[in-house]
Amino acid sequence: MSVLTRDEAQTRAELLDVHRYTIELDLTSGDDTFGSRTAIRFSARADGDTFVEVKPAELRSVTLDGQPLDPEALDGNRLPLKNLTAGEHELRVHAHMRYSRTGEGMHRFTDPTDGATYVYTQLFLDDVQRVFAAFDQPDLKAVFELSVKAPEDWTVLANGITEHTGNGLWQAAPTPLISTYLVAVAAGPWHSVRTEHRGLPFGIHCRRSLAPYLDTDADELFEITRQCYDRYHEKFDEPYPFDSYDQAFVPEFNAGAMENPGLVTFRDEFVYRSAVTDTERQTRAMVIAHEMAHMWFGDLVTLKWWDDIWLNESFAEYMGYQTLTEATRFTDTWTDFGVARKSWGYDADQRPSTHPVAPEAVDDTASALLNFDGISYAKGASALRQLVAWLGEKDFLAGINTHFARHKFANATLADFIDNLASATERDVHAWADAWLRTTGVDTLTPRVAPGEHGTCALTVDRAGSRPHRIAAGLYDRDLGDDGGHLVLRERLHLDLPQSAPHPIGKRLALLLLNDGDLTYAKVRFDPESFETVRKDLSGLPEPLTRAVVWNALRDAVRDGELAPAAYLETARAHLPLETDLAIVQGVLAFASTHIADRYVTPEERPAALATLSELCRDLIRRTEDGDNPGLRLIAVRHRIDVAAHPDTIAAWLADGTVPGGPELDPELRWRVLARLAVLGATDETAIAAELDRDPSATGQEGAARCRAALPDPEAKARAWEAMFASDELSNYLFTATAAGFWQPEQADLVREYVPRYYADAVAVADRRGPAIAGAVGRDAFPAHAVDTDNLRLGEECLRDADPVPALRRKLIDQLDDLSRALRVQGSRTDQEPQNT
């Protein structure tokens with residue numbers, strides 16, 4: 001299949017204006033394919049040749065202006081349109097299209113709980129071609145009018161309000177001008193809850209088997225939706241531009257959600273079957289806010305080409321967190337961003353695959369797909385947060401409202417956006433954009449505290465990097481009124497970097513924290529006295545966001561080989577039992593287990609690391625025995641399961657169906673325990689099958705796949721490998737679940753023979769099954785546990801000699817860089833403290 005290049009897209013956009021698509025889909029023609037009829041009305045500005053994209057199972061017929069074209073002319077995914085004359089044209093394409101099991105195109109899913117079948121589209125970035133013929137590029141916007149034939153008991157959802165006209169036929173209202181990748185259909189026997197807000201129909205939808213769980217949370221979901229909707233109307237001059245707002249929670253979804261106008265699709269793990277923390281509810285609310293922001297930035301105004309992905313994602317990411325903080329009960333979302341999201345950007349920006357937030361060289365769609373990463377989301381959102389701190393929110397909102405007004409229902413570029421911001425301020429926004437959006441890497445800010453006269457000090461900030469920063473420096477003293485474990489804020493200095501002169505800070509203080517408030521994107525270091533305070537009194541800092549900045553600094557120091565992993569674990573052991581913010585507890589435990597215990601310590605040191613984490617989790621469980629913090633207890637129980645080195649305790653929990661003192665083991669916890677018991681060799685196929693009988697849901701199927709792949713048995717490993725790499729039967733979710741169980745640090749000897757096999761088999765299956773599976777192969781099936789030079793060498797040889805597809809190549813580059821970093825951290829074995837030297 002040919003990928004579309006930027007040059008080709010520009011040439012086609014210069015030739016064509018696309019007016020309207022009339023699409024007829026027939027979802028009643030079988031389990032493997034569906035019918036697709038498309039009529040495209042367009043005009044050519046001049047005589048010339050072009051092409052339309054389509055990826056059919058069978059191309060039945062094509063006519064252009066009533067004259068038949070040869071279906072055999074289809075070349076891969078391109079159907080040539082030769083000798084067009086200037087003027088109006090109509091292209092009609094009749095095809096049979098394949099359903100997908102990988103979350104791309106028209107995905108088909110049969111619910112194992114009740115046998116009901118559901119289909120939905122995911123047409124991003126260039127998968128509309130899997131559903132209907134299209135001029136598939138974002139700057140050829142058109143009106144889309146869809147009709148769908150579906151089984152009689154199904155409901156059909158689309159971008160516009162749908163009407164059942166009888167005999168299984170559904171008609172969707174025509175859309176305004178939108179891009180091809182934003183067209184959406186979701187069909188099946190949905191369970192729906194509907195309401196109205198400000199005259200606009202709102203709906204939430206899920207599989208019937210999830211109905212009780214959606215009903216439980218419906219009020220919360222609608223409240224968040226209303227609050228965000230109202231707040232965006234306070235921020236934005238342009239009203240919501242579509243005729244309805246449906247949110248469909250769909251199975252086996254590859255992303256968190258997709259911003260289809262009028263029909264946002266979410267992964268249906270957001271319909272909670274089991275207990276979750278309030279931070280997880282906050283994450284779901286943030287995704288709702290993020291996707292709604294896209295209705296303006298992405299849908300109303302759309303990028304012209306994929307080099308401006310950040311205009312979509314960075315904006316929605318920033319606005320999602322900010323709006324949630326302003327409009328809902330989740331008032332501390334930036335702490336979660338700092339702990340759980342920002343590190344995604346920091347890590348991506350320090351790999352060889354890094355790219356600017358706004359890259360200039362995105363030559364084709366395959367390259368563009370790789371840039372949906374921590375840079376386009378987390379770093380870009382951080383850059384916008386810094387921009388608002390520097391520019392002021394009033395001027396920022398004035399600039400983006402100008403942007404909406406100038407480009408609504410059209411397309412825009414980075415240059416357009418910056419020009420519109422510049423129109424609202426006297427500041428040099430263009431220079432800011434060059435420094436922040438066209439550069440790569442993470443700046444590092446290091447304080448230098450110099451003594452002055454009469455016991456006073458002055459602060460100088462060294463900046464390793466080139467970006468300007470507006471930051472706050474927090475000056476903290478010990479509270480002498482108690483045992484000294486609490487810190488009080490003396491002052492927050494507001495600094496513009498680079499500095500023109502040292503800044504007086506008065507008498508010596510206990511802690512100086514750069515980037516207090518987390519308004520910029522940079523690594524921060526400590527002076528020696530401040531680091532000593534952190535080790536002793538971190539939990540005594542008064543604000544969660546301040547503590548999040550400190551924890552991130554410690555995380556960076558471990559990754560950079562400046563702080564021993566054991567020192568990080570000791571700090572967590574000392575201070576996490578006193579932490580009140582759930583996002584911080586979750587973030588620290590996640591880094592400590594998946595990075596430190598699994599990769600940054602040697603195999604000989606791993607048992608001690610697991611023991612420390614187990615003791616820490618026990619402390620948290622004891623602290624929550626009175627039942628007043630169920631979210632914290634749930635986090636502790638989950639991680640106690642994950643780090644268990646011996647099966648007895650968690651096996652007893654499973655047998656009893658409860659943790660002593662609670663919680664009872666719901667399906668998520670039961671599968672979690674069983675997966676760890678499988679790793680430890682303390683369960684078997686009989687127990688897995690019995691648990692699957694107990695929970696035959698889609699989530700249960702995934703849990704069983706993970707457990708079976710985790711069994712320390714050669715035959716179990718062989719079956720799992722065959723399912724992932726030799727057969728194409730696994731859906732995207734079952735592939736990921738199997739991969740999650742296969743590699744385990746405890747089983748390194750058992751799976752050693754599979755490490756060299758991985759590279760050849762990964763290249764083959766990625767080439768065969770497409771980008772979504774290629775991404776999963778590189779992300780989830782990579783032997784990350786094998787932190788050794790042999791694995792690194794094999795990976796480098798694969799990149800050099802095997803020509804993996806772009807999606808896999810990018811993942812392998814990132815994984816091998818992380819592997820190299822883990823080897824450096826293991827080799828450093830230093831107790832060095834982060835210092836200003």
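Q: How much space lies in the largest cavity?
A: About 60 Å³. A cavity here is a set of points, on a 1 Å grid over the protein atoms alone, where a 1.4 Å probe fits but cannot get out. The volume is the space filled by probe spheres set on the points, which are joined across faces, edges and corners.

Q: What kind of model is this?
A: A predicted one: local features need pLDDT of at least 70, side-chain atom pairs count only at pLDDT 80 or more, and totals for chains, interfaces and linings use all residues. Residues are numbered from 1 along each chain as its sequence is written, and side-chain values use heavy atoms, with hydrogens and water left out.

Q: How many cavities of 30 Å³ or more turn up?
A: The whole structure has 2. The second largest holds about 40 Å³.

Q: Which residues line that second largest one?
A: Ser2, Val3, Leu4, Glu53, Asn77, Arg78, Asp126, Gln129 and Thr365. Lining residues have an atom within 4 Å of a point.

Q: Back to the largest cavity. Which residues line it?
A: Among them are Lys342, Tyr346, Asn515, Asp518 and Asp556.

Q: New topic: how many disulfides are there?
A: A search of the whole structure finds 0. A disulfide is a pair of cysteine sulfur atoms within 2.5 Å.

Q: What is the nearest cysteine sulfur to Cys707?
A: That of Cys617, 20 Å away.

Q: Is Cys707 buried or exposed?
A: Buried, with a relative accessible area of 0%. Buried means under 20%, exposed over 50%, and partly exposed in between, with a 1.4 Å probe and protein chains only. Cys206 is buried too, at 0%.

Key. 1 Å grid on protein atoms, 1.4 Å probe; cavity = no way out; pocket = protein on both sides within 12 Å on 5 of 7 lines; lining within 4 Å.
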